[in-house]
Structures are given as structure tokens and as C-alpha cells.
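Visitor: I'd like a walk through this protein, please. Could you take my questions as we go?

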Amino acid sequence: MANLLVVNAAGSSQRRLLEETIREYEREGYVLAGSFEGKSWVELFADGRSGGLFEDRRIIVAESAETMGTLDAELVSLAEPSRKKDTLCILLYSEDPSRYLPRELLRKLEVRK
């Protein structure tokens, strides 16, 4: 499972928040493993479950998370937040993430605006 973190902003604000978040987690020992766009929620969680070869804690950035669509109810249990997870998935939204994530889950996740 992966820890999800939402960055909700557009343009240069989004990039600034993303960079600040990555720096913060790098200080905690995380390594930026890469980013992806246009994949599904299932692929995101599969990437989050597979460990890296050379790093214990890693960051995956989901660019334009809107393209993944709405998170299905049966996948919500895979998205429970915890800073003790080995993989942090940063979801970048330029519009309201409540259109894509269930409100009860969104209340539990860290959202940076």
C-alpha cells in the first residue's frame, strides 16, 4: 500500500508546492522514484506496492491525477493514509479533487493547496 498526498493547485503554484513537498519528504529519507501520467488507479497502487531496488522509501508523482478518473470504492482501502508507508504517492490536481476521491477518504488525506 501507498500513502497518498494531494497537491491541489494550478500552474506555478502547483510546481512550487510539489517541490516543497518533495524536499520535505527527502529530508525524511524518501527518494524521488519518478512520475507517471495517464495510468490507472490500479497501476498506481501496483507501483506503490512494488519496492525500489536501491531505496527503501520512495516518492511517485501522479501528474494530472484527474486523468485516472474517480477512485473506485473497492480501492479505497488501499489508499488509507499513513506516514509509515514506504511509498508516498503525490497526486497532482489542478481542479477540485473531491470530484475524483470520496469525501470520507479526502478528509483523511493530507491536502496541500
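**A walk through the fold**

Guide: Let's start inside the sheet: Ala62 has a bridge partner in E4, and that partner is Leu91. Keep in mind that this is a predicted model.

Visitor: In what sense do E3 and E4 pair, and over how many bridges?

Guide: Ala62 and Leu91 gave us a way in, as bridge partners. Looking at the two strands as a whole, E3 and E4 pair in the parallel sense, and the number of bridges is five.

Visitor: Which strands are at the edges of the sheet?

Guide: Read the order of the open sheet, which is E2-E3-E4-E1-E5, with parallel pairing. An edge strand pairs on one side only, and that fits strand E2 (31-36) and E5.

Visitor: By how many degrees are neighbouring strands of this sheet turned against each other on average?

Guide: Here we ignore direction and take the average over neighbouring strands of the sheet. The value is 25 degrees.

Visitor: At about what angle does H1 run to E4?

Guide: H1 covers residues 11-27. This helix lies across E1, E2, E3, E4 and E5. Its angle to E4 is about 170 degrees.

Visitor: How many residues are in the largest nonpolar core?

Guide: In soluble globular proteins, nonpolar side chains tend to be buried together. In this model, the residues with the most contacts inside the largest core are Leu4, Trp41, Leu44, Leu71, Leu91 and Leu101. Strand E1 (3-8), helix H2 (41-49), strand E3 (58-62), strand E4 (87-93) and helix H3 (103-108) each supply at least two of its residues. The core's total is 23 residues.

Visitor: Leaving aside neighbours within four places in sequence, what is Leu4 in contact with?

Guide: Leu4 is one of the residues with the most contacts inside the largest core. Setting aside its neighbours within four places in sequence, the contacts of Leu4 are Trp41, Leu44, Phe45, Ala79, Cys89, Leu91, Leu109 and Glu110.

Visitor: How many residues does the other core have?

Guide: This other core lies apart from the largest one. Among its members are Val7, Leu18, Tyr30 and Leu88, and the count is 13 residues.

Visitor: Let's turn to charges. How many residues apart are Arg15 and Glu63?

Guide: Arg15 and Glu63 form a salt bridge, with their closest N and O atoms 2.6 Å apart. Arg15 is in helix H1, while Glu63 is in the loop between E3 and E4. The pair links distant parts of the chain, and the separation is 48 residues.

Visitor: Is Arg112 buried or exposed?

Guide: Arg112 meets Glu24 in a salt bridge at 2.8 Å, N to O. Glu24 has a relative accessible area of 22%, so it is partly exposed. Arg112 has 16%, and since the cut-off is under 20%, Arg112 counts as buried.

Visitor: And is Arg99 buried or exposed?

Guide: Arg99 and Glu95 meet in a salt bridge at 2.7 Å, N to O. Glu95 is partly exposed at 29%. Arg99 is at 55% relative accessibility, and the cut-off is over 50%, so Arg99 is exposed.

Visitor: One last stop: what kind of aromatic pair do Tyr93 and Tyr100 form?

Guide: Tyr93 is buried at 0% relative accessibility, and Tyr100 is buried at 12%. Their rings are 5.6 Å apart, centre to centre, with 25 degrees between the planes. Planes under 30 degrees apart fall in one class, so the pair is stacked.

How values were computed: Residues numbered from 1 in each chain as written. Predicted model: local features only at pLDDT ≥ 70, side-chain atom pairs only at ≥ 80, totals over all residues. Heavy atoms only, no water. Core = buried A, V, L, I, M, F, W, Y, C linked by side-chain atoms within 4.5 Å. Buried < 20%, exposed > 50% of the residue type's maximum accessible area, 1.4 Å probe, protein only. Helix = DSSP H or I, 4+ residues; strand = E, 2+ residues; numbered from the N terminus. Contact = heavy atoms within 4.5 Å. Salt bridge = Lys/Arg side-chain N within 4 Å of Asp/Glu carboxyl O. Pairing = 2+ DSSP bridges. Axes fitted to C-alpha atoms, helices over the stretch in contact; angles between N-to-C directions. Phe/Tyr/Trp six-rings, centres within 6.5 Å; stacked < 30°, edge-to-face > 60°.
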